[in-house]
Amino acid sequence: MSTEALARLAGERVDHRFKGLPPDADGLTVGELTAERRNLFTDGFTTPVLALSAERLEHNLRLMETYAARHRLTFAPHGKTSMAPQLFRRQIEHGAWGITLAVPHQVRVARAFGIRRIFLANELVDPAALRWISAELDSDDDFRFVCYVDSVRGVELMDAALRGAARPVDVVVELGAGRGARTGARTEAECAAVADAVAGARTLRLVGVAGYEAQVPGAGVDPVRAWLRRLTGIAAEFDKAGRFAQADEIVVSAGGSEWFDAVADVFAEIPELSRPVLKLLRSGAYVSHDDVHYRKQTPFNRVPEEGALEPAFRLWAQVVSRPSATEAFVNAGKRDAAHDLGLPVAQVVRRDGVERPAAGIEVTALSDQHLWLRTGPEADVEVGDWLGLGLSHPCTSFDKWQLIPVAEADGTVVDYIRTFF
C-alpha cells in the first residue's frame, strides 16, 4: 500500500464534516488530534458518536488471519464493508492477499491507496470504468485485478470496451445461487457458454469460477454445501476441458460472513488440478462484527472451538427527552445507526462517569434523528445520560460516518478511521 497516501489522511483538517468530534478540535489535523489521546467521554466529543473498540478490532483481525491460515485459504476480505484504507492496510498486514470490492468507485479508492490485488465480486460492463482499469493494468505490472462475468452479452460488452488493451482482464465465471437469487449464470451449461465467449475474446482471460453462497434459496448447511460442490465441480470440469490454459493459477472463490466454515470444508475437497488453486475467501463483516445479525449468523457459532468474533462498534447517543415513565428519546437516528438488518440494542447507560447495564430499555423505532426507547419499571435513565448502543450490519454502520474514533477500553482515542463511500 501507499504509505504516502495513508500519511495524507493524518494531515487532513478536522472540521464540521466529521460528526461527533470535539468542536474545539477544529483546525487540528487528524494526526494532531490523535496525538492528544483524548478521552471519548470527557474530552469534548459530542453525541451521537460512533466508536470502534481498539482491542476488539485487533482481536477480529488476528482471529480471521489465523482461521484462513489454518484452513489453507487465501483471504481477500470484502472492502465494501468499511471502505477504509487504514483498515485495508491492517487486513493486509494480517495476511490478506488483497481486497475484494463491488463497484468501480471502490476500486478507484483502493488504487488511490496503492492496493495491488483487487477481486471485484461483481460483473463489470461499464466502458469508462473498464478503460480506466485497463490503463491501471497497463501502467502497473504488479497490479492484479479479477472480476466476475455471467453472460455472453457481458463478455461482448467488455471485449468491445477493452479493444487495444495491452493486458487482458482476468475474469471468473460467476455461478448463480439459484432461482430468485442475485447475479450469476444459473446452470452449468450457461457457465460453459460464458467461458466459451471469454475464450473468444482476446481482451479477457478466464482464470476461475466464483459465487456467493449466502444467496442460496433457503440457505442452510446442506443446500450451501451442495451449491459449493457445484461450484468446485465446475472448476474441475473447466480445468479438464482445458479452459484455464492461459491462467497461471485457478481461482475458486466464495465466502461471505455467514458460511465460511462450509466454504473451508468444501474447498478442502478440491482435487489436484492442472494449476495451483487460489482458494479465495471474501468475508468482510468480521472486521467489526456486530451485536445482532452477525452475532447470530457467524459460523463461529457452529465451530466455537475455532474462536469467536467480538462486536467492535458502539454508538453513543444522549437522552434528550423523557416524556413519560415508559418513553425516552435519544439524539441518534437513521442518519447515524444501521437499521436494515435489525434495530440497535441498548447496552449500557453512562452517567457521571459510571456505566451500568441498560436494564429495562428497549429500542422500538428510529426516526431520522431520534431513536425511540420503551422503558420498563427497572429502567434507570434520565435526560442527559449517554446510552451505549450495539448495532447490526457493519456495512450500513460504516457508511454513515466519515471519521470514526478508535477507543481503548478506558475511552482513550488512539486512532481515527477515515471512510470513503
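The buried residues of helix α10 pack against α3 (54-70), α9 (221-240), β8 (250-254) and β9 in this predicted model. Helix α10 spans residues 260-267 and is mostly covered, with seven of its eight residues buried. These are Phe260, Asp261, Ala262, Val263, Ala264, Val266 and Phe267. Asp265, at 34% relative accessibility, is partly exposed. Asp265 forms a salt bridge with Arg225, and the closest N and O atoms of the pair are 2.7 Å apart. This salt bridge links helix α9, which holds Arg225, to helix α10, which holds Asp265, across 40 residues of the chain.

Phe260 of α10 also appears in the lining of the largest cavity. The search of the whole structure returned three cavities of 30 Å³ or more, and the largest has a volume of about 50 Å³. Its lining further includes Ser257, Ser283, Ala285, Tyr286 and His289, together with Tyr294, Thr298, Pro299 and Leu309. The largest pocket has a volume of about 540 Å³. The pocket is lined by 28 residues, and those nearest its centre are His78, Lys80, Arg182, Tyr212 and Gly256. Strand β4 (residues 117-123) gives the most to this lining, with three residues.

Tyr294, one of the residues lining the largest cavity, is also reached through its backbone nitrogen by the side chain of Asp290, at 2.8 Å. Asp290 is located in the loop between β9 (277-281) and α11 (293-297). A polar atom of the Asp290 side chain lies 3.1 Å from the backbone nitrogen of Arg295. Asp290 is buried but has no salt bridge, and the nearest side chain of opposite charge, that of Arg295, is 6.3 Å away. A salt bridge requires a separation within 4 Å. Apart from neighbours within four places in sequence, the contacts of Asp290 are Arg295, Pro311, Leu391, Ser392, His393 and Pro394.

The salt bridge count for the model comes to 35. One of these joins Glu306 and Arg70, with the closest N and O atoms 2.5 Å apart. Glu306 lies in the loop between α11 and β10 and Arg70 in helix α3, so the pair ties together parts that are 236 residues apart in sequence. Glu306 is buried, at 14% relative accessibility, whereas Arg70 is partly exposed, with a relative accessible area of 46%. Another salt bridge is formed by the side chains of Asp248 and Arg205 (3.7 Å, N to O). Asp248 is in the loop between α9 and β8 and Arg205 is in strand β7 (residues 204-210), 43 residues apart. Asp248 is exposed, with a relative accessible area of 61%, and Arg205 is buried, at 18%.

The loop between α11 and β10 (313-324) also holds Glu305. Glu305 counts as exposed, at 66% relative accessibility. Its C-alpha atom is separated by 47 Å from that of Asp26, and the two residues are 279 residues apart along the chain. His59 is located in helix α3 and is partly exposed, with a relative accessible area of 28%. Beyond neighbours within four places in sequence, His59 is in contact with Ala308, Leu309 and Glu310. Of these contacts, Leu309 is also among the residues that line the largest cavity. His59 and Gly220 are 161 residues apart in sequence, and their C-alpha atoms are 28 Å apart in space.

Conventions. Residues are numbered from 1 along each chain as its sequence is written. This is a predicted model: local features need pLDDT of at least 70, side-chain atom pairs count only at pLDDT 80 or more; totals for chains, interfaces and linings use all residues. Side-chain values use heavy atoms; hydrogens and water are left out. Helices (H or I, at least four residues) and strands (E, at least two) are DSSP runs, numbered from the N terminus. Buried means under 20% relative accessible area, exposed over 50%, partly exposed in between (1.4 Å probe, protein chains only). Lys and Arg count as positive and Asp and Glu as negative; His and the chain ends are not counted. A polar contact is a pair of N or O atoms within 3.5 Å; within protein, one must be able to donate a hydrogen and the other to accept it, and residues adjacent in sequence count only if both atoms are side-chain atoms. Contact means heavy atoms within 4.5 Å. On a 1 Å grid over the protein atoms alone, a cavity is a set of points where a 1.4 Å probe fits but cannot get out, and a pocket is an open set with protein on both sides within 12 Å along at least five of seven lines; lining residues have an atom within 4 Å of a point. Grid points are joined across faces, edges and corners, and a volume is the space filled by probe spheres set on the points.
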